[in-house]
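Q: Could you take a close look at one part of this protein with me? I would like to start with the empty space enclosed inside it and then move outwards.

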Amino acid sequence: RALDRARLRDPDAARSPLWGLPTAMKDLHFVRGTRTRLGSQAFRWLWTPMDDLTTAAVRRAGLVVAGKLSTSELAILPVVDVDIHPPTRNPWDDTRYSGGSSGGSSAAVASGMLPIAVASDGAGSIRIPAAFCGLVGHKPTRGLVPNPFARFETLSLSVVGPHARSVDDAAALLDLLCDVRTPARSLLRAIQHPPKRLRVRVTTQNPMVTTEPHVAVGVTRVAETLAALGHHVDLDTQDVFQGTLDEFLPMFQYMTAGMLVPGAESSLQGTTRWLRAAGRRVRFEDAFAARELFRARVDAWFGEVDLWVTPAVATLPAAVGTWRHLPPEAAFRDMARYGAFTAVFNASGNPATSVPVWPAEGAMPVGVQLVGRRREDGALLRTARWLQGHVLTTR
């Protein structure tokens, strides 16, 4: 009603292309007049009198905040199965998870509850649920989008970005999150032009996980489409991702340990307690050195390449309840395979987009990840948009 009154007062005022749409905020963002629970018993009474940076940007653009969306505890795990509410299930198969940590965002958009939502990503938390739910999910270049968590997340692994049904919608949401006010800076405007001819490499190989055949089919379809559109695509590469979970863990443990938790640690889930206990023994210098090791590897891995094509996630989402009876460390290590193709780019800071593909009629969607050079989000999204018109990426 307030937006309608504003439109009547000034019908010719410039407005966001998402103006008037309903959305909701992942439950680690402050939304005035609501609780912010971060998926945790430890935060169940945290009431928020103000909006954070991201919520304020959403309201400023004229979206209507309808409520909160579920997240894994402290936005850590790649599935949402917490103590404060039932697990978040996949709209395409409700016996499976929708992914995480932005599992509520992906489930809400994929099921039609919302047209668009903000998500966030510290090791794949935008791209993993987007892949599982058949959405476009974009992890921006580090530093592109203002981050309300930057004061507490000093390694800058985490970024804020969109869950959307189309690349155009994703770019429009990125514009408003970046407070773009001139056409020259608009990603939505930039992606309307066809992409230049790109040097593309493809891999489905990863030391942490074996890519399932139906996921490899989706990757191959995208790669062959790029080649048919005139890009130079190396389809025969045998490149394997460099890096292990144990090399990445110091960053993730340090980040988790740095989160402020009110009350006793005993109110946290077992995996969270394990990560925080280990993280207290990690120095910032060591965590930062691990981040820079991955950044240097990715830079060398890119070489003269413009675009990498990989799975976003190598497997289907797991059945709800899969890890409930495992010890915390064993559960985390098993779940970590979901981030095998995503987490490295949080460390390197490169932009990465998961685009949805249905490998076969009646199949679950899979996500194919496009990775670009830092600060080339526009070029990456332009390629993703072009693909949406030529590959079965909607259903």
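Which helix gives the largest share of the lining of the largest cavity?

A: Happy to walk through this predicted model with you. The helix you are after is α13, residues 377–388, which supplies three residues, the largest share of the lining of the largest cavity. The complete lining consists of K196, L198, D306, L307, G372, R373, E376, A379, L380 and T383. Sorted by character, that is four nonpolar residues, two polar and four charged. The space they enclose comes to about 80 Å³.

From this cavity we can step straight into the nonpolar core. Two of the lining residues, L307 and L380, are also in contact with L370. Beyond its neighbours within four places in sequence, L370 also touches V222, W308, V309, P351, A352, T353, V355, A384 and L387. L370 is one of the residues with the most contacts inside the largest nonpolar core, together with F248 and V309, and that core has 101 residues. Helix α5, residues 167–177, gives the most to this core, with eight residues. A second core, separate from this one, has nine residues, including L69, A117, A130 and C133. As a general background, nonpolar side chains in soluble globular proteins tend to be buried together.

Back to enclosed space: the whole structure holds three cavities of 30 Å³ or more. The second largest has about 70 Å³ of space, and its lining is made up of F241, Q242, R297, V298, W301, V344 and F345. Helices α10 (284–302) and α12 (343–348) are the elements that give two or more residues to this lining, and α10 has the largest share, with three. Here the division is five nonpolar residues, one polar and one charged.

R297 deserves a pause, as it lines this second cavity and also meets E247 in a salt bridge, at 2.9 Å from N to O. That pair ties helix α8 (E247) to helix α10 (R297) across 50 residues of chain. Both partners count as partly exposed, because E247 has a relative accessible area of 27% and R297 one of 21%. Elsewhere, salt bridges with shared partners join R291, E292, R295, D299 and R374 into one network. The structure holds 25 salt bridges. Another of them pairs D234 with R201, at 3.4 Å from N to O. These two sit 33 residues apart, D234 in strand β11 (232–234) and R201 in strand β10 (199–202).

Helix α8 leads us on to the open spaces. The largest pocket has a volume of about 940 Å³, and α8 (245–257) gives the largest share of its lining, four residues. At least two lining residues each come from β7 (116–121), α8, α11 (328–335) and α12. In all, 48 residues line this pocket, with L74, A75, S158, M255 and M259 lying nearest its centre. They divide into 32 nonpolar, twelve polar and four charged residues.

Helix α9, residues 270–279, is mostly covered, with seven of its ten residues buried. Those seven are T271, T272, W274, L275, R276, A278 and G279. The buried residues of α9 pack against α8 and α11, two of the elements that each supply at least two residues to the lining of the largest pocket.

The second largest pocket brings us back to α5. Its volume is about 370 Å³, and α5 gives the most to its lining, with three residues; α2 (53–60) also supplies at least two. Of the 15 lining residues, R15, S16, D179, V180 and R181 lie nearest the centre. The lining as a whole has seven nonpolar, three polar and five charged residues. Among those central residues, R181 and D179 form a salt bridge, with their closest N and O atoms 2.9 Å apart. R181 counts as exposed because its relative accessible area is 64%, while D179, at 29%, is partly exposed.

One last stop is G161, in strand β9 (159–164). G161 counts as buried because its relative accessibility is 0%. Leaving aside neighbours within four places in sequence, G161 is in contact with A117, V118, A119, I126, H138, P140, L174 and L177. A117 among these belongs to the second nonpolar core. The C-alpha atoms of G161 and V145, 16 residues apart along the chain, are separated by 7.6 Å.

Methods:
Residues numbered from 1 in each chain as written. Heavy atoms only, no water. Core = buried A, V, L, I, M, F, W, Y, C linked by side-chain atoms within 4.5 Å. Buried < 20%, exposed > 50% of the residue type's maximum accessible area, 1.4 Å probe, protein only. Contact = heavy atoms within 4.5 Å. 1 Å grid on protein atoms, 1.4 Å probe; cavity = no way out; pocket = protein on both sides within 12 Å on 5 of 7 lines; lining within 4 Å. Points joined across faces, edges and corners; volume = space filled by probe spheres on them. Nonpolar A, V, L, I, M, F, W, Y, C, P; charged D, E, K, R; others polar. Salt bridge = Lys/Arg side-chain N within 4 Å of Asp/Glu carboxyl O.
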